[in-house]
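Grab your viewer and work through these short exercises on packing and voids. Try each one yourself before reading the solution.

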Amino acid sequence: MTARGLVEGDDGRVRCAWHGNLEDYRRYHDGEWGHPVVSDLRLFEKICLEGFQSGLSWLTILRKREAFRAAFAGFDFDKVAAFGEDDIARCLADPGIVRHRGKIVSTINNARRAQALRDEFGTLARYFWSFEPGPEERPALVDWETIAANPTTPTSVRLSKDLKKRGWTFVGPTTVYAFMQAMGLVNDHIEGCFCRAEVEAERKGLERP
């Protein structure tokens, strides 16, 4: 019998249960979620997609991710920063993405804010990883109850406030914490999930930007 929040797959491996044994979602859980990321492009993509996810399920966004990449120039923020009204109209007409004008405009705005961050810090990665919480801010045990009870953290609140001060939009503390979880700034694979040790080893060996 597995602990709450865990499930054993048909491959005999025990995982966090949130993927619901859907093949594409399970692949994302195993190969992407929580693995530390220092690529500016991937960091920008993820924080934008988390903004699009607001009010929806991440699975919906994941299944549209390739369409989002096509619509937003692979999330190259230098290219997105140059988008204008024609690009907004093109995105609003694209059935492959979430056609929400406010979120589309936000992505363009955030691309420009990302350029400013890069100019100030050298890379987006250096900025975002400066908010990696220390051990004293992390729970002693990462279990289902802890994750369910903490959709935000003091760190995600600080990061959200700083991004908003810098002009970013759709970056509330819950959205920001989901970004931190996905990009490996924290390891929230719960105890008993086989990915937890893998991610922890990657984080231990990571050269921080």
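**Exercise 1.** Find which residues Phe68 is in contact with, leaving aside its neighbours within four places in sequence.

*Solution.* This is a predicted model, so treat what follows as read from a prediction. Select heavy atoms within 4.5 Å of Phe68. With the close sequence neighbours dropped, you're left with Leu49, Phe52, Ile61, Phe75, Ile97 and Val98.

**Exercise 2.** Work out how many residues the largest nonpolar core has, and which helix gives the most to it.

*Solution.* Start with the size: this core has 50 residues. Next, look for the ones with the most contacts inside the core: Phe68 turns up again, along with Phe44, Phe72, Phe128, Leu163 and Trp168. Then sort by helix: α2 contributes six residues, the most of any element. Finally, check for leftovers: there's a separate second core of seven residues, among them Ile190, Cys193, Phe194 and Cys195.

**Exercise 3.** Say which residues of helix α12 are buried and what they pack against.

*Solution.* Helix α12 spans residues 194–205. Apply the cut-off of under 20% relative accessible area, and you get Phe194, Cys195, Arg196, Val199 and Arg203. Their packing partners are β2 (14–16), α1 (23–31) and α8 (124–129).

**Exercise 4.** Describe the largest cavity: what is its volume, and which residues line it?

*Solution.* The volume is about 40 Å³. For the walls, list Ile47, Cys48, Gly51, Phe52, Lys103, Ser106, Thr107, Asn110, Thr169 and Phe170. By helix, α2 (40–53) and α7 (101–121) each supply at least two of them. By type, the lining has four nonpolar, five polar and one charged residue.

Methods
Residues are numbered from 1 along each chain as its sequence is written. This is a predicted model: local features need pLDDT of at least 70, side-chain atom pairs count only at pLDDT 80 or more; totals for chains, interfaces and linings use all residues. Side-chain values use heavy atoms; hydrogens and water are left out. Buried means under 20% relative accessible area, exposed over 50%, partly exposed in between (1.4 Å probe, protein chains only). Helices (H or I, at least four residues) and strands (E, at least two) are DSSP runs, numbered from the N terminus. On a 1 Å grid over the protein atoms alone, a cavity is a set of points where a 1.4 Å probe fits but cannot get out, and a pocket is an open set with protein on both sides within 12 Å along at least five of seven lines; lining residues have an atom within 4 Å of a point. Grid points are joined across faces, edges and corners, and a volume is the space filled by probe spheres set on the points. Ala, Val, Leu, Ile, Met, Phe, Trp, Tyr, Cys and Pro count as nonpolar, Asp, Glu, Lys and Arg as charged, and the others, Gly among them, as polar. A nonpolar core is a set of buried Ala, Val, Leu, Ile, Met, Phe, Trp, Tyr and Cys residues joined through side-chain atoms within 4.5 Å.
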